[in-house]
Amino acid sequence: MVQNRVRIVDVADALGLSTATVSKVIHGKTEKISDETVKSVQQELENSGYIPNMAGILLARNKK
């Protein structure tokens with residue numbers, strides 16, 4: 001397993017936000033989130049080197 005991987009919780013902790021807010025920004029559901037917050041989350045994702053977990057994405061898509 002890959003160690004030192006950046007997780008949503010790491011990004012949320014760094015910005016003082018909830019994991020739900022970070023997740024919503026990642027998935028483009030930003031209707032109820034301020035532009036400033038969206039920009040700060042996107043910048044932190046880029047700076048931290050966040051990479052989405054493909055296994056998790058595939059599991060979520062197949063959950064019907």
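In which helix does Leu59 lie? Leu59 lies in helix α4, and we will come back to that helix after a look at the whole chain.

## The chain as a whole

This is a predicted model, in which local features need pLDDT of at least 70, side-chain atom pairs count only at pLDDT 80 or more, and totals for chains, interfaces and linings use all residues. Residues are numbered from 1 along each chain as its sequence is written, and side-chain values use heavy atoms, with hydrogens and water left out.

The chain has four helices and zero strands. Here helices (H or I, at least four residues) and strands (E, at least two) are DSSP runs, numbered from the N terminus. Following the sequence, you meet the pattern α-α-α-α. Along the principal axes, the C-alpha atoms fill a box of roughly 30 × 30 × 15 Å.

Of the 64 residues in the chain, 17% are buried. Buried means under 20% relative accessible area, exposed means over 50%, and partly exposed is in between (1.4 Å probe, protein chains only). Now take the contacts in the chain with a separation of 6 or more: residues 24 or more positions apart account for 43% of them. A contact means heavy atoms within 4.5 Å.

## How the helices pack

Three helix pairs are set out below. Axes are lines fitted to C-alpha atoms, for helices over the stretch in contact, and angles run from 0 to 180 degrees between N-to-C directions.

| Pair | Axes | Angle |
|---|---|---|
| α1 and α2 | within 8 Å | roughly 115° |
| α1 and α3 | 10 Å apart | about 120° |
| α2 and α3 | 10 Å apart | about 85° |

To put words to these angles, under 35 degrees counts as roughly parallel, over 145 as roughly antiparallel, 65 to 115 as roughly perpendicular and the rest as oblique.

Start with helix α1 (residues 8–15) and helix α2 (residues 19–26), whose axes cross at roughly 115°. That angle makes α1 roughly perpendicular to α2. The crossing of these helices is right-handed; a crossing is left-handed if the near helix is turned anticlockwise from the far one by less than a right angle, and right-handed if clockwise. From α1, the contact uses Ile8, Val9, Val11 and Ala12, while α2 brings Thr19, Val22, Ser23 and Ile26. By class, the residues of this contact of α1 with α2 are six nonpolar, two polar and no charged. For these classes, Ala, Val, Leu, Ile, Met, Phe, Trp, Tyr, Cys and Pro count as nonpolar, Asp, Glu, Lys and Arg as charged, and the others, Gly among them, as polar.

Next, α1 and α3 pack at an angle of about 120°. That makes α1 oblique to α3. Their crossing is right-handed. The contact joins Val11, Ala14 and Leu15 of α1 to Ser40, Val41, Glu44, Leu45 and Ser48 of α3. The contact of α1 with α3 has five nonpolar, two polar and one charged residues.

Finally, α2 and α3 pack at an angle of about 85°. That makes α2 roughly perpendicular to α3. On the α2 side the contact is made by Thr21, Val22, Val25 and Ile26, and on the α3 side by Thr37, Val38, Val41, Gln42 and Leu45. Six nonpolar, three polar and no charged residues make up the contact of α2 with α3.

## Two threonines to find

Thr21 is found in helix α2, and Thr37 has its place in helix α3 (residues 35–48). Not counting residues up to four places away in sequence, Thr21 touches Ile33 and Thr37, and Thr37 touches Leu17 and Thr21.

Each threonine also has a polar contact, which is a pair of N or O atoms within 3.5 Å; within protein, one must be able to donate a hydrogen and the other to accept it, and residues adjacent in sequence count only if both atoms are side-chain atoms. The side chain of Thr21 makes one with the side chain of Ser18 (3.0 Å). For Thr37, a polar contact of 2.9 Å links its side chain to that of Ser34.

## Out on the surface

Is Glu46 of helix α3 buried or exposed? Glu46 counts as exposed, at 67% relative accessibility.

Back to helix α4 (residues 54–61), which is hardly covered: the count of buried residues among its eight residues is zero. Leu59 is exposed, with a relative accessible area of 63%. The C-alpha atoms of Leu59 and Leu15 are separated by 27 Å, and these residues are 44 residues apart along the chain. At the N-terminal end of α4, Asn53 forms a cap, with a side-chain oxygen 2.9 Å from the backbone nitrogen of Ala55.
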